[in-house]
Amino acid sequence: MATDTLTRRDRAILRAVAAGGAELLCGSGPDLLIDGRCCCDQLAARRLARAGLIAAAGPAGVRVPARLTPAGMAQLAA
């Protein structure tokens with residue numbers, strides 16, 4: 001995913017994950033929780049996960065902490 005294709009909402013989601021308190025509900029398309037609440041744009045969250053910018057911070061489970069990948073950190077810094 002190129003930096004110029006990230007929307008403001010994409011960047012806000014990446015910042016929220018970087019700040020901590022984000023979790024992934026693993027399934028066919030991971031759902032993102034931020035501070036225990038569902039992310040308002042699950043399509044964007046799934047797109048970011050599929051692009052390899054957000055990943056589970058531990059072994060796969062039903063509900064796992066989310067983290068930025070190195071690619072996600074680079075996109076956020078760009």
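This passage walks through the nonpolar core, the strand pairing and the cysteines of a predicted model.

Start with the core. The largest nonpolar core holds 17 residues, and the members that touch the most others are Ile 13, Leu 14, Val 17, Leu 32, Leu 48, Ile 54 and Ala 66. Several elements chip in: helix H1 (8-19), helix H2 (42-50) and strands E1 (22-25), E2 (31-34) and E5 (63-68) each supply at least two residues of this core. Val 17 makes a handy vantage point. Leaving aside residues up to four places away in sequence, Val 17 touches Ala 22, Leu 32 and Ile 54, along with Ala 66, Arg 67 and Leu 68.

On to the strands. E5 pairs with E1 in the antiparallel sense, over three bridges, and Leu 25 has Arg 63 in E5 as its bridge partner. E5 also pairs with strand E4 (residues 54-56), again antiparallel and over three bridges. Here Ala 56 is matched with Ala 66 in E5, and Ala 66 is also one of the core residues that touch the most other members.

That leaves the cysteines. The disulfide count comes to zero. Cys 38 is in no disulfide, and the nearest cysteine sulfur, that of Cys 39, sits 8.5 Å away. Cys 39 has a closest cysteine sulfur of its own, in Cys 40, but the 5.0 Å between them is too far for a bond, because a disulfide needs the two sulfur atoms within 2.5 Å. As for surroundings, Cys 38 is exposed, with a relative accessible area of 59%, whereas Cys 39 counts as buried at 9% relative accessibility.

Conventions
Residues are numbered from 1 along each chain as its sequence is written. This is a predicted model: local features need pLDDT of at least 70, side-chain atom pairs count only at pLDDT 80 or more; totals for chains, interfaces and linings use all residues. Side-chain values use heavy atoms; hydrogens and water are left out. A nonpolar core is a set of buried Ala, Val, Leu, Ile, Met, Phe, Trp, Tyr and Cys residues joined through side-chain atoms within 4.5 Å. Buried means under 20% relative accessible area, exposed over 50%, partly exposed in between (1.4 Å probe, protein chains only). Helices (H or I, at least four residues) and strands (E, at least two) are DSSP runs, numbered from the N terminus. Contact means heavy atoms within 4.5 Å. Two strands pair if DSSP finds at least two bridges between them.
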